[in-house]
Amino acid sequence: MTLDIVHDLQSVYRKLVDSTSRPGLISDLRKEAALVEVEDQKGCSASLLILALALFDQEVSIKVFSTQADTVSKTINQLTYAKSTDTKKADFLLILQDAEKGSLEEAIINAKPGTLKNPHTSAVIFVEAESVTSGEALLLKGPGIHTTELVHLDINENWLESRQEKNKEYPLGIDLIFIDRNHQLLSLPRTTQITRNRVMV
């Protein structure tokens, strides 16, 4: 890799924090993703790999949903020491673009939601999408959003209702982070209210 482990990963982390604190803000990870060499990816997108490098360590557990789940899990373990585990125990769940249809809904339903005493022990779900753009498909409201934000996610999954059910007992719930093939990142924390934009109908 040609990544600067300190500088570049700090940049990735700052962008993730910006998008999480201001839902609807799409962050561009192209610069950092371009520094990941192809041979280091092994079934994992460059942007997902740099996020793993920025966030994962030996204390973290993961579950990968992909036709290449074993390869991707091994690669992430070699680079970060994060260990694979079951869906219900994982700190981070990774839904790759080649995962079976329904994987995202399964992950949301089974991901750990934290506890009332320790809500921060909940899972974070990373999802590879075809595209993440500003648009009129989903209407976002909540903390960090001045009035509303409109975004569009090109993803062949039925996930919105499952997310709402999972997050109905705040502070319990899960956080979702979408990343597309152009390395555009959108974070949807549990506090964000999401509805389908009726203007499109």
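User: Which residue of β8 stands opposite Glu-128?

Analyst: In this predicted model, Glu-128 stands opposite Ile-179 in β8. That match belongs to a parallel pairing of β5 and β8, made over 6 bridges. β5 covers residues 124–129 and β8 covers 175–180.

User: Which sense does the pairing of β8 and β9 have?

Analyst: Antiparallel, over 4 bridges. Two pairs show the register. Ile-177 stands opposite Ser-187 in β9. Leu-176 stands opposite Leu-188 in β9. The two strands form a hairpin with 3 residues between them. In the turn, His-183 has a positive phi of about 65°.

User: What else joins β9?

Analyst: Strand β1, residues 27–28, joins β9 by 2 bridges and runs antiparallel to β9. Asp-28 of β1 has Gln-184 as its bridge partner in β9.

User: How should I read the two faces of a strand?

Analyst: In a regular strand the side chains alternate between the two faces of the sheet. Sort the residues by side, then check burial on each. In β8, Asp-175, Ile-177 and Ile-179 lie on one side. Leu-176, Phe-178 and Asp-180 lie on the other. Both faces are covered, and these residues are all buried. The count for β8 is 6 of its 6 residues.

User: Which residues of β9 are on each side?

Analyst: Gln-184, Leu-186 and Leu-188 are on one side of β9, with Leu-185 and Ser-187 on the other. Both faces are covered here too. In β9, residues 184–188, 5 of 5 are buried.

User: How many residues of helix α4 are buried?

Analyst: For a helix, use the count first. In α4, residues 46–55, 8 of the 10 residues are buried, so the helix is largely enclosed by the rest of the structure. The buried residues are Ala-46, Ser-47, Leu-48, Leu-49, Ile-50, Leu-51, Ala-52 and Leu-53.

User: Is Ser-61 buried or exposed?

Analyst: Read the percentage against the cut-off: buried means under 20% relative accessible area. Ser-61 has 14% relative accessibility, so it counts as buried. Ser-61 lies in strand β2, residues 61–65.

User: Which residues does Ser-61 contact, leaving aside its neighbours within four places in sequence?

Analyst: Ser-61 is in contact with Lys-83, Thr-85, Lys-89, Ala-90, Asp-91 and Phe-92. A C-alpha distance adds another view. Ser-61 and Ala-123 are 62 residues apart along the chain, yet their C-alpha atoms are separated by 9.8 Å.

User: Where does Thr-87 lie, and why does Thr-87 count as buried?

Analyst: Thr-87 lies in the loop between β3 (83–84) and β4 (92–95). The same reading applies to a loop residue. Thr-87 counts as buried because its relative accessibility is 11%. Residues up to four places away in sequence aside, Thr-87 touches Lys-63, Phe-65, Leu-93, Ala-107, Asn-110 and Ala-111.

User: What strand order does the open sheet of 3 strands have?

Analyst: Read the order across the sheet, then look for the edges. The order is β7-β6-β10, with antiparallel pairing. β7 (149–154) and β10 (193–196) each have a single partner strand, so one side of each is left without a neighbour in the sheet. Neighbouring strands of this sheet are turned by 60° against each other on average, direction ignored.

User: How many bridges pair β6 and β10?

Analyst: There are 4 bridges, in the antiparallel sense, between β6 (residues 131–141) and β10. Within β10, Thr-195 is the residue that Leu-139 stands opposite.

User: How do I read a pocket?

Analyst: Rolling a probe the size of a water molecule over the atoms shows where empty space is left. Here the largest pocket has a volume of about 310 Å³. It is lined by 17 residues, and the closest to its centre are Leu-16, Leu-55, Phe-92, Val-124 and Asp-175.

User: Which elements give two or more residues to that lining?

Analyst: They are α1 (7–21), β5 and β8. α1 gives the most, with 4 residues.

User: What classes of residue make up the lining of the largest pocket?

Analyst: The lining has 9 nonpolar, 5 polar and 3 charged residues.

Key: Residues numbered from 1 in each chain as written. Predicted model: local features only at pLDDT ≥ 70, side-chain atom pairs only at ≥ 80, totals over all residues. Heavy atoms only, no water. Pairing = 2+ DSSP bridges. Axes fitted to C-alpha atoms, helices over the stretch in contact; angles between N-to-C directions. 1 Å grid on protein atoms, 1.4 Å probe; cavity = no way out; pocket = protein on both sides within 12 Å on 5 of 7 lines; lining within 4 Å. Points joined across faces, edges and corners; volume = space filled by probe spheres on them. Nonpolar A, V, L, I, M, F, W, Y, C, P; charged D, E, K, R; others polar. Buried < 20%, exposed > 50% of the residue type's maximum accessible area, 1.4 Å probe, protein only. Contact = heavy atoms within 4.5 Å.
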